[in-house]
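This report goes through a protein model in running text, starting from one residue and moving outward to the whole chain. Please keep the sequence and the structure in view while reading.

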Amino acid sequence: MINLITFLHIVLSPMQITLINIISSIIIALLILVISLALFLRRNKKVKNQVIKNEATNAMQQNVSEHQSILLSSLANARFLASKGDYRKAIIDGYLALRKELSIIFMVTPMAYMTEYEIMKSILEKIKISYFRNVDENFIKILMNLYKLYEKSRFSSDNITIDDYNVFINSIELIRKSIKRGERS
């Protein structure tokens, strides 16, 4: 029994007490650091999840706004070139921008071996099976007229007048309106 009492009665020197205090302080600091890191990572994960949700919401809103601004780049490009008096280039570049946007909308991938006519035919085929199939009946005629105007501008030596340009711009506006109507139905 005496051995047990002497065992419990330990006398520490001031140096040992200081060392124990330092070690316990380090342990407490490490625990606080680990807890802080865990809380930070948990918060960071929540923020990241919120950012992902916000990005998904923004993407959906962007799709809506993209469809609302459909074909504006082809119009803007054509109008810019026409303001310089270059109606031929306005129609060519405007048509290519239009075709690119339509290819994206209707998920048509133009291949290097395809002619513009084949690409336009592919777009027209996709329109018939897409959710835009309710677009105006004149839609196909308008697109084919735009294609013919593009061919005239690109390959003929005929003069391209402001009237040709106006027909081009009006046709793009009609297509734009038809697509907007097709989206709503």
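Does Tyr165 count as buried or exposed? In this predicted model, Tyr165 has a relative accessibility of 9%, and because the limit for a buried residue is under 20%, Tyr165 counts as buried.

**Aromatic pairs**

A pair of aromatic rings is described by the distance of the centres and the angle of the planes. With ring centres required to lie within 6.5 Å, the count comes to 4 aromatic pairs. One of them joins Tyr87 and Tyr165, whose ring centres are 5.7 Å apart and whose planes stand at 40 degrees, so the pair is tilted; an angle under 30 degrees would have counted as stacked, and one over 60 as edge-to-face. Tyr87 belongs to helix H4 (residues 87–105) and Tyr165 to helix H7 (residues 162–184), and the pair therefore ties together parts that are 78 residues apart in sequence.

Another tilted pair is formed by Tyr95 and Tyr147, with 6.4 Å from centre to centre and 55 degrees between the planes. Here Tyr95 lies in helix H4 and Tyr147 in helix H6 (residues 138–155), so this pair ties together parts that are 52 residues apart in sequence. Tyr95 and Tyr147 are both buried, and ring pairs link these two residues with Tyr117 and Tyr150 into a cluster.

The two pairs described above are set side by side here.

| Pair | Distance between centres | Angle between planes |
|---|---|---|
| Tyr87 and Tyr165 | 5.7 Å | 40 degrees |
| Tyr95 and Tyr147 | 6.4 Å | 55 degrees |

**Ser171 in helix H7**

Helix H7 also holds Ser171, which is buried with a relative accessible area of 12%. When neighbours within four places in sequence are left aside, Ser171 is in contact with Ile142 and Leu146.

**Helix H4 and the loop after it**

Helix H4, which contributes Tyr87 and Tyr95 to the ring pairs, has 19 residues and reaches 26 Å from its first C-alpha to its last, close to the 27 Å expected at 1.5 Å a residue. After H4 comes Met107, whose phi is positive, near 55 degrees. Most residues other than glycine have a negative phi, yet Met107 shows this positive value although it is not a glycine. Met107 has its place in the loop between H4 and helix H5 (116–129), and with a relative accessible area of 64% it is exposed.

**A nonpolar patch on the surface**

Which residues make the nonpolar surface patch of about 360 Å²? The patch is made by Ile10, Leu12, Ile17 and Ile20. Of these residues, Ile17 lies in helix H2 (residues 14–68) and is partly exposed, with a relative accessible area of 41%.

**The chain as a whole**

The protein chain contains 7 helices and 0 strands, and read along the sequence it follows the pattern α-α-α-α-α-α-α. Of its 185 residues, 29% count as buried, Tyr165 and Ser171 among them. The chain exposes about 13,200 Å², of which carbon and sulfur atoms supply 62%. Among the contacts in the protein chain with a separation of 6 or more, 67% are accounted for by residues 24 or more positions apart.

How values were computed
Residues numbered from 1 in each chain as written. Predicted model: local features only at pLDDT ≥ 70, side-chain atom pairs only at ≥ 80, totals over all residues. Heavy atoms only, no water. Phe/Tyr/Trp six-rings, centres within 6.5 Å; stacked < 30°, edge-to-face > 60°. Helix = DSSP H or I, 4+ residues; strand = E, 2+ residues; numbered from the N terminus. Buried < 20%, exposed > 50% of the residue type's maximum accessible area, 1.4 Å probe, protein only. Contact = heavy atoms within 4.5 Å. Patch = residues over 30% accessible without salt bridge, like charges linked within 9 Å, V, L, I, M, F, W, Y side chains within 5 Å. Areas by Shrake-Rupley, 256 points an atom, 1.4 Å probe, with all protein chains shown as cover. Salt bridge = Lys/Arg side-chain N within 4 Å of Asp/Glu carboxyl O. Expected span 1.5 Å × (residues − 1).
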